[in-house]
Amino acid sequence: MYRIDFNKLRFLICDDNPHMRRILRTLLHSFGAREAYEAEDGATALEMYSHYVPDIVITDWAMPIFDGLELAQMIRQPESKGNPYAPIIMLTGHSEKRRVTVARDAGVTEFLAKPISAKGLYQRILNVVANPRPFIKTKTYFGPDRRRNTNNAYIGPERRVGGEMEVMQQPSLLDKARSNV
Amino acid sequence: MAKEKPGTIQVKSFADHHVITQPNPLRKMLLRVPESDLDDPVGRAEKALAGLSGEFKNWMAIEADRLSAAHAVILRNGFTVDNREELFRAAHDIKGDAATFGFPSAGAAAESLCRIIEHAPDLDQVPPELITHHINAIQAIVRERTKLDTAVMASALSKQLRGITDEFLLKVNRDRPEHLEAILAPSIVPAE
């Protein structure tokens, strides 16, 4: 059996809401963490990221100055002097699937929709500590591998052996929407 | 304060991308322990959160007042980019926090308000009472929570607001497929 040695982990919490920061701090300290730095906007978080070199970043999405998505994009700069590989857990009130995709494409490692729970947060932390994914660098993306599962039924081109990319058409909800209007 | 840089990085190159693997820098934080030594960090955290719960009503009142203040500015000055953002952030915070604070129906009403702000083509054309009803509902749910019969009423109120909002948004977004798709997409958060 494994457990996380939280007191060796350094966290950076970024949320403009002081109540949510307090909740996060309480949860992390209860898990056993001793080092949890806090920022209330993306700009301050980026500065603290360079200064404290946290092991894990937990960020909100909607924030003033620049938001959690922009923060993730700034951290995920492959040529930057700082560490572009730190796990980023996005904790947000956004609860739409398209937001998960946008966050994933910005280089976010884990997505956790509010309302927050101790179990949900712990599981995301356990996942980034125990099961880090390789990073992928393309012309338009740098971040954790977005393929989370192996799909044995996949029959399209295999880009990882050099095949051409193919656009897969997704069924749209538009027709359904129009029929409801 | 700086820690060591991550370990040696391996890069595998393909036609249009690179796969970068580094030894897990957090591996040393994972300890193998006998089952008898496993503690319960989640249970401990839940207890700590319960210890904070005495403050939740006050926090919720602060959040609701922030929302009302943002709305009051809009009533005085009309919508601007800045005050729209502030109204959205205040509503969005309630949407995310209210269930944790024990006010799930306030969270649902705030979510409905967020949808108006995000998906109405022109906020100046939104019936002002639709927004006002959301603000008043959230304030009422927070204020009246201690009464025994209010949980059911709060839930019914937020559901009704959501129904009216969705009807309005579907109508005004008839010709905006990307918004229609977002409005109709299911939430990834399980319903209460």
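I began with a single pair in this predicted model, and found that Arg10(A) stands opposite Glu35(A) in β3(A). From there I looked up the two strands concerned: β2(A) and β3(A), the latter covering residues 35–39 of chain A, pair in the parallel sense, and I noted 5 bridges between them. I then checked how covered β2(A), residues 10–14, is, and found this strand mostly covered, with 4 of its 5 residues buried.

**Chain A as a whole**

I next stepped back to the whole chain, which has 6 helices and 8 strands. Reading along the sequence of chain A, I wrote down the pattern β-β-α-β-α-β-α-β-α-β-α-β-β-α. Of the 181 residues of this chain, 41% count as buried. I also looked at how far apart in sequence the contacting residues are: among the contacts in chain A with a separation of 6 or more, 58% are between residues 24 or more positions apart.

**The cores**

Which residues touch the most other members of the largest nonpolar core? I found Phe11(A), Ile56(A) and Val57(A) in that role, in a core of 51 residues. The largest share of this core comes from α1(A), which supplies 6 residues. I followed Phe11(A) further and, leaving aside its neighbours within four places in sequence, listed its contacts as Leu28(A), Ala33(A), Glu35(A), Ala36(A), Pro54(A), Ile56(A) and Ile58(A). Apart from the largest core lies another, of 32 residues, and I noted Phe103(B), Ile135(B), Ala137(B) and Ala154(B) among them.

**Where the chains touch**

I turned to the contact between the two chains, where 55 residues of chain A are in contact with 52 residues of chain B. On the chain A side, the elements that each supply at least two residues are β1 (2–4), α1 (18–31), α2 (42–52), α4 (97–105), α5 (118–130), β7 (135–137) and α6 (174–180). The largest share of this side, 7 residues, comes from α1(A). Sorting the side of chain A that touches chain B by class, I recorded 28 nonpolar, 14 polar and 13 charged residues.

**Strands that pair across the chains**

I looked for strand pairing between the chains and found that β1(A) and β3(B), residues 30–32 of chain B, run antiparallel and are joined by 3 bridges. Within this pairing, Tyr2(A) has Arg32(B) as its bridge partner in β3(B).

I then examined an open sheet of 4 strands, with antiparallel pairing and the order β8(A)-β7(A)-β2(B)-β1(B). Why is one side of β8(A) and of β1(B) left without a neighbour in the sheet? These strands, residues 142–144 of chain A and 10–13 of chain B, stand at the edges, and each has a single partner strand, so one side of each has no neighbour there. On average, neighbouring strands of this sheet are turned by 25° against each other, direction ignored. In the pairing between β7(A) and β2(B), residues 18–21 of chain B, I noted 3 bridges in the antiparallel sense. Here Phe135(A) stands opposite Ile20(B) in β2(B).

**A helix of chain B**

Lastly I checked the length of α4(B), residues 104–119: at 1.5 Å a residue its 16 residues should span 22 Å, and its end C-alpha atoms are 22 Å apart, so the two agree. I also asked how many residues of α4(B) are buried. The helix is mostly covered, with 13 of its 16 residues buried.

Notes: Residues numbered from 1 in each chain as written. Chains lettered and ligands numbered in written order. Predicted model: local features only at pLDDT ≥ 70, side-chain atom pairs only at ≥ 80, totals over all residues. Contact = placed C-beta atoms within 7 Å. Nonpolar A, V, L, I, M, F, W, Y, C, P; charged D, E, K, R; others polar. Pairing = 2+ DSSP bridges. Core = buried A, V, L, I, M, F, W, Y, C linked by C-beta atoms within 7 Å. Buried ≥ 20, exposed ≤ 12 C-beta atoms within 10 Å, placed from the backbone. Axes fitted to C-alpha atoms, helices over the stretch in contact; angles between N-to-C directions. Expected span 1.5 Å × (residues − 1).
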